[in-house]
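Student: Please zoom in on one part of this for me, and then tie it to what sits around it. I'd like one connected walk-through rather than a list.

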Amino acid sequence: MKIQLPFTKSKKRTTVVKETIKKDIGMITPLKNEFIQSIKDATHNPADLMIKNISPNLTLVYIDNLVNDVTLNNHILASLQDKPIDTPETIKASLSIPEINISARFEVVVTAIVNGSVLLHVEGFSEVILASIPKQESRSLTTPENESQVIGAQIGFNENLSTNVSLVRRYIISPDLCNENFVLGNRTNTSVAILYINGIANEQMINTLRQRITDLDIDALIDSAVLAEMIDDNSISPFPQMLLTERPDRFCDGLLNGKLGVLVDGSSMAIICPQSFIEFFQSQEDKNLRWQIATFARLLRFSAILLSVFLTPIYVGALTFHYEVIPLAFLVPLSESRALVPFPPVFEALLLEFIIELLREAGARLPTKIGQTIGIVGGIVIGTAAVQAGITSNILLIFVALSALASFTTPSYMMGNVIRYIRFPIIILAGFWGYYGIMLAFCFILIHLLRQTSLGAPYLSPFYPPRLKGMADSIIRLPLPLTTKRPDITRPTDQEKYNKEPVNPKNS
Amino acid sequence: MKTLSFYIILLFIVSLLAGCVQTNILDKVGLVTLVGYDVGTEEKISTTAVVREVNPEFQSNVQVITTENKTSKGNRMKTNRKLSKKIMVGQMRVILLSEELAKDNIHHYIETNLENATVSNSLYLAVVEGQMAPLLEYKYNNIEDVGQHIYRLLQQNIEQEHMISSTLHEIAHDMYMAGDDIAMPIIKKDEELVGIAGIALFKEDKMVGRLSAEDSFFVKLIRDNFKSGIYETVLQKDNVPSDLLKNKPNEISLAFDAIRSKRDIKLVNPTTPEFDLNLKVKAQILEIVPDVNMDDPKKVAKLEKAISKNLTSDIIRIIDYGKSIESDVFGFGEKYRSSVRGSNLTKEKWHELYKNMKVNVKVDFVIMRNGVFE
Amino acid sequence: MDNSVQLKPNDMFNTYLLFFVIHSAQIGVGVQGFQRIVYQDAKHDAWISVILAGVATHIVAFCMIKTLEVYGSNDLYGIQQDIYGKWIGNFLNAIYIFYCSIAFFSVLRNYIEVIQAWLFPGISTWFLSATLLLITIYAFTGGLRVIVGISFFSVVLALWIFPMLIFPMKFATLDSLYPILEANVRSLLKGAYSMTFTILGFEIINVIYPFIKDKKKTSKYTHLALLATTFIYLSVMMVSIGYYSEGKLLRTVWATLTLFSFISFPFMERFEFVAVCFWMLIILPNLCLYLWAAYRGVIRLVNISGTKFVWIFSFIIFLATLIVGSRTQINMVNNQVAKVGFYIVFVYPILLYMLTILKKKFTAKKEQTNENT
């Protein structure tokens, strides 16, 4: 099922990379000017490259925008000020910063300086002290904007990898929480971390994921969404096979169910895999609510999704071909509302869906304050005007608005998009062949979903292969005493979540 | 590896090539809601169709068009020539047959509608007293859409169990059944109103007799089970039990609702044939004039007995009428077929037997309660 | 000759899914209008014929499974090659492949006919055939896992249609079933024979057997599936007999669909229009399983890749749907399928079982004598 992607490592490219690395290998000169020149050459003499001479034979080299000024002043400059210049070892001992190294290899030194290290070069020594004091630019932790919920933690990931990892570690305080780091992107050198819980996560899946990430040969990685698309089982399918979330609680819940998580530096969305189709429609809030309420919310969401995908096509199909199925009570209002409309129902429906999508897209692109106004004004003004002008029927307007509303109940934005866009081909099919077209689309989607896998696990799990308890737990939210096992999709090493017996100890 | 996009592209190409199915867009078709068949003056069949159309100026209007032709399909084409929109029969709710036509033969009209897949099996059939065109073409003061009006009229009466059910399926069922005959309501124009005037009884596919609308209660009682019917009757002086009231009244008027009935037919003697018809009727008293003290169980029992007797005589009267016109709308024949092994019943064979049929009627009437005010 | 099917555990499926496979393989286009054909012979005792046909499937399935058990992990194609030798075996295999193809064709053509009769009288046959074949190809190229998945969803998602029988039950009378056993045994058996076309499909067990994980439970789930199918046919038949009168049933082509005509909800009337479309999901496993069964046979004869095979196969079927146009031709094909199916599915497996036992005894004796000498 794995489709060969253009950015997968090929043999030819690897050799090229190796050659460039070979060229850079070299030792550091003990001469001060020569060293400065070589650094300037290697970094292409950027404007923010700072070279400071503390004393005649001690030179500080760093990139201004990458290092933390406070640390530099308080811990490096201050402690070097009155010390006699000695060997690099003595300087290293005198500096009070945690991450400090000595290296004699030029390649290492250049990597260190672009990562935010200060280089301390002592004349006459071919070793350089690397004091790592990178500037940690990050936004403060805020509520997750795209996945808000009423009951539950109000904290979301931000764009900093170490903050995100620490958030996860705060939730799961366990030595079993494994964290593997990779660097991706030939030009961006982005840090990527795989997180999983040893003893729960399936070994084979970890290997597969590791393999997929290390096999990637790309020049840049800006966001985790791109990474998710690259390591998906089938990147061509419109359905995402891995979940993107910005909720640490959801992320940790996934890990505890035996899933694997991927965090990317510079991206506030974390990847969770393997993920089944049905899990995209579950919200973390379902776990926090009482099971009856959560069940109702889930059923509401599922009916909303069915409605969202099939309501407009059914309208189009019924009005274009199958007028027989319309009950007498609807017949007159339906035909009268369409009396002024000059277009066939397909075109009418597509036009309205297009307007709704336009409003959504405009709302998403515009700044928040204007966006809301556009949404309301645009919706009301265009809607009423369209009906009065006789371009659409007001009943269809209700249907389209309803299905748009319903599509937004999907907790995952990525899946919500798919649900919304999948409607267009179905409307067209319904406009051409009525219910036969809708059924054709339904069968096609069903087969397509059956063919998909998520990290090798069946995408339609637990419906296919069928697991009764899993099925029940995904359509409704079962009470806690009934969900003692982890879902099958992750093939967990340790299946039991907790002891079945008393979740609430009996009154004693 | 054949990729998904390949299939999508292929599907789209195919769809674009073949996008040529005839559409029936709701507002571009004229929907026939009612069709009436009558005997034509010049040609064989005269068809009156009630067509509902939608157009931007009038929102929606109803047209009644009468055409004459040799076949009903030919009439449909003729009607089409008179309308701006093509007519479709998928929303047809009622088929009316004129009395004259019904007395001739209705077989063809039922069959042609059964063959058409778009015609619903749940539409109602009825016989019209007199001519078809005047009933449908008349501009009623309070009826905007005569097609929908007649449909609702029939639907309401059938659902309230005032009238026997006459859906196309049931009519066809009875028509093709050896031991059953067709019965359907009769509709009549009454000044500014359209109303149900009685029941038409058929022998095979010819209308041979009629009963009044009031008698439909008894027909339904013999044919079917009531779930919640209503019934009113008058006990004549002879039938009134002597010690029910102090001064014996000339007659007692009674009205019942929430009637539940259960009919049970048994074939006692296959040669005659002889049937036992047991009816269990439970009802709630709605009205009783003059007032009878219902606290006394003895009096209630007497009253029940009197009503049973009254019902029995009515039922015998109805069955006798059916026998006299050789129309078995009650389904005795079906009971005969299902009770006699190897009967190989046909309509002709049954009608021969039916003439000499004997029925022992036994009615068991129970008064359940008498409202909330005693 | 060792030609058993060697599989990795990943290619196999859980035994209980066999229930869905067999059940969905049996229920297809036949159920839309089998009442009339059976009723012709057995009259109002048609439901007894349905039971008889159901019992026959149990007996035949028993023989099939026993035959397969002798060989461990092999399918019908391999068994035939083993028993009759290469040439005759392959000839019989070719006949079986032909049977699968013609059954596939008949399912497809019948469904197209239903669509044309109920929904779109004007739609071109080639378009319907092409779209349905494309869907089938897409499912087939997904492998057995996807095909079994479709069988599963076809059964589960169509479950809601079954309770719809309650609606026509309101108009059904029990009297129609009486007197019981009025028809003689001959007409009952004839009626049961008429069920052949409707009840076919369970012979897929012949081909799918090696792919079952726990082979010991095969018979349990097979018989359960057959029981479920018989139950559904029986209830549809009984409701139909009660709902229609004799003459009407004999003249109704798709009695099950007409049965649905009465169903209406506040938001929808004329349920049969939806049912006709929804039937696509019910025939999809039929198509996929027959196609797959044919493919398993073809790769025994020639070396061909799945994708190549499915395109060639579909093209031939596509052309065939264009040739067979009228209702009479379709009925002729159905009758032929029923006739061929009767011998291949109901008669032949019993014969084959006896041959297998004979051969087993023979080889056992041979080995014994070999050991003795």
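Tutor: Let's start with a working term: a helix axis here is a line fitted to C-alpha atoms over the stretch in contact, and the angle between two axes runs from 0 to 180 degrees between their N-to-C directions. Keep in mind that this is a predicted model.

Now zoom in on helix α1 of chain C, residues 17-26, and its partner α6(C): their axes come within 8 Å and cross at roughly 75°. An angle of 65 to 115 degrees counts as roughly perpendicular, so that is how α1(C) sits relative to α6(C). From α1(C), the residues making the contact are C:L17, C:F20, C:V21, C:H23 and C:S24, and α6(C) answers with C:V148, C:S151, C:F152, C:S154, C:V155 and C:V156. Sort them by class and you get 7 nonpolar and 4 polar residues, with no charged ones.

That helix α6(C) has a second job in this picture, in the contact between chain C and chain A. There, 38 residues of chain C touch 31 residues of chain A. Together the two chains bury about 3,000 Å², and 77% of that is on carbon and sulfur atoms. What about salt bridges across the interface of chain C and chain A? The rule finds 0 of them. There are, however, 10 residue pairs in polar contact between chain C and chain A, counting pairs with both residues at pLDDT 80 or more. On the chain C side, α4 (76-118), α5 (125-140), α6 (144-157) and α14 (271-301) each supply at least two residues. The largest share comes from our helix, α6(C), with 8 residues. By class, this side of chain C has 30 nonpolar, 5 polar and 3 charged residues.

Chain A also touches chain B, so to speak from its other account book. That contact takes 33 residues from chain B and 27 residues from chain A. About 2,800 Å² is buried between chain B and chain A, 71% of it on carbon and sulfur atoms. Here the rule finds 1 salt bridge across the interface, in which the side chains of A:R338 and B:D27 meet at 3.0 Å, N to O. The count of residue pairs in polar contact between chain B and chain A is 7, again with both at pLDDT 80 or more. In chain B, the elements giving at least two residues each to the side that touches chain A are α1 (4-18), β2 (45-55), β3 (59-69) and α6 (146-159). Of these, α1(B) gives the most, with 6 residues. That side of chain B divides into 15 nonpolar, 13 polar and 5 charged residues.

Back to helix crossings, this time within chain B. Helix α10 (residues 332-339) and helix α11 (residues 347-355) of chain B have axes that come within 11 Å and cross at roughly 105°, so α10(B) and α11(B) are also roughly perpendicular to each other. B:F332, B:G333 and B:Y336 of α10(B) meet B:W350, B:L353 and B:Y354 of α11(B). That makes 5 nonpolar residues, 1 polar and no charged ones.

Finally, a few backbone spots. The peptide bond from A:C273 to A:P274 is cis, with omega near -10°, and so is the one from A:S461 to A:P462, with omega near 0°. In chain B, B:E326 has a positive phi near 60°, and sits in the loop between α9 (297-324) and α10.

Conventions. Residues are numbered from 1 along each chain as its sequence is written. Chains are lettered from A and ligands numbered from 1 in the order in which they are written. This is a predicted model: local features need pLDDT of at least 70, side-chain atom pairs count only at pLDDT 80 or more; totals for chains, interfaces and linings use all residues. Side-chain values use heavy atoms; hydrogens and water are left out. Contact means heavy atoms within 4.5 Å. Buried area is the accessible area (1.4 Å probe) that two parts lose on being put together, summed over both. A salt bridge is a side-chain nitrogen of Lys or Arg within 4 Å of a carboxyl oxygen of Asp or Glu. A polar contact is a pair of N or O atoms within 3.5 Å; within protein, one must be able to donate a hydrogen and the other to accept it, and residues adjacent in sequence count only if both atoms are side-chain atoms. Helices (H or I, at least four residues) and strands (E, at least two) are DSSP runs, numbered from the N terminus. Ala, Val, Leu, Ile, Met, Phe, Trp, Tyr, Cys and Pro count as nonpolar, Asp, Glu, Lys and Arg as charged, and the others, Gly among them, as polar. Angles under 35 degrees count as roughly parallel, over 145 as roughly antiparallel, 65 to 115 as roughly perpendicular and the rest as oblique.
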